[in-house]
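Some questions follow on ring pairs, helices and nonpolar cores. Each answer reasons to the value or name asked for.

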Amino acid sequence: LSLIILAIGFTFHLFITHEKILSMIPHIRLMFLTLALNIYFSYFYFRFNAYQNFKMVGFLDTFKSVLIFALQIPLAYFWGLYGVVLGFFFSIVVLCGTAVITNIREFGKVFILFDLKLLIRLIKIGLPSTIFFWLSIIQTSVDRIISISILGDTATGYYGLGVSIFSVLI
């Protein structure tokens, strides 16, 4: 997934002709790289969760917040939007390095295991729930699609707000 995101990030400019977007290519590429590293970090973060090492999960959450705060604010002050992007990038690089090193020390190296029986079992469990989730999304959003065409954007916004408040109360 990270490789796909990187491929999109470094080739999307071939399909876009808008000058304002083209001027932001360095920002966008760095954000795609940050997103790819974040996916890699997430694997090791959730590996701590799977092994129920919640002290390390808490440490990584706190460290992530402190890093983003410490890096993003000064960089954003000096370089604006590019500073924000750099702040996210540098914080995820440090987080990813920390998570990978501590994870490998504690649980050992990561390796690829392809078990066809396990894969089939996971698909049998996951596919029906995924289809149910997609149907649920369609069911909960089709009313707003219809109301936009009949009532307009403003009335649909009020309607969506009412639905959201009601769903919180239930």
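Q: How many aromatic pairs are there when ring centres must lie within 6.5 Å?
A: The structure is a predicted model. Applying the 6.5 Å limit to the rings of Phe, Tyr and Trp, the count of aromatic pairs comes to 10.

Q: Are the rings of Phe59 and Phe63 stacked or edge-to-face?
A: The ring centres of Phe59 and Phe63 are 5.4 Å apart, and pairing requires centres within 6.5 Å. Planes under 30 degrees apart count as stacked. The planes of Phe59 and Phe63 are at 15°, so this pair is stacked.

Q: Which helix holds both Phe59 and Phe63?
A: Phe59 has a relative accessible area of 40% and is partly exposed. Phe63, at 25%, also counts as partly exposed. The two residues are four apart, about one turn of the helix, and both lie in α4.

Q: In the aromatic pair of Phe89 and Phe90, is Phe89 buried or exposed?
A: The two rings are 5.7 Å centre to centre with 55° between the planes, a tilted pair. Phe90 has a relative accessible area of 38% and is partly exposed. The limit for burial is under 20%; Phe89 has 15% relative accessibility, so Phe89 is buried.

Q: Which helix supplies the largest share of the largest nonpolar core?
A: This core has 14 residues, and those with the most contacts inside it include Phe41, Leu60 and Leu95. Helices α3, α4 and α5 each supply at least two of its residues. The largest share, six residues, comes from α5.

Q: Which residues does Leu95 contact, leaving aside its neighbours within four places in sequence?
A: Leu95 is among the residues with the most contacts inside the largest core. With neighbours within four places set aside, Leu95 is in contact with Phe41, Leu60, Phe63, Lys64 and Leu67.

Q: How many residues make up the second, separate core?
A: Leu30, Val85, Leu86 and Phe89 are included in this second core. Phe89 is buried at 15% relative accessibility. The number of residues in the second core is five.

Q: What span, from first C-alpha to last, does helix α5 reach?
A: Helix α5 covers residues 81-107 and has 27 residues. At 1.5 Å a residue, the expected span is 39 Å. The span in the model is close to that, at 38 Å.

Q: Which residue with a positive phi follows α4?
A: Helix α4 runs over residues 54-79. The residue that follows has a phi near 65°, and this residue is Gly80.

How values were computed:
Residues numbered from 1 in each chain as written. Predicted model: local features only at pLDDT ≥ 70, side-chain atom pairs only at ≥ 80, totals over all residues. Heavy atoms only, no water. Expected span 1.5 Å × (residues − 1). Phe/Tyr/Trp six-rings, centres within 6.5 Å; stacked < 30°, edge-to-face > 60°. Buried < 20%, exposed > 50% of the residue type's maximum accessible area, 1.4 Å probe, protein only. Core = buried A, V, L, I, M, F, W, Y, C linked by side-chain atoms within 4.5 Å. Contact = heavy atoms within 4.5 Å.
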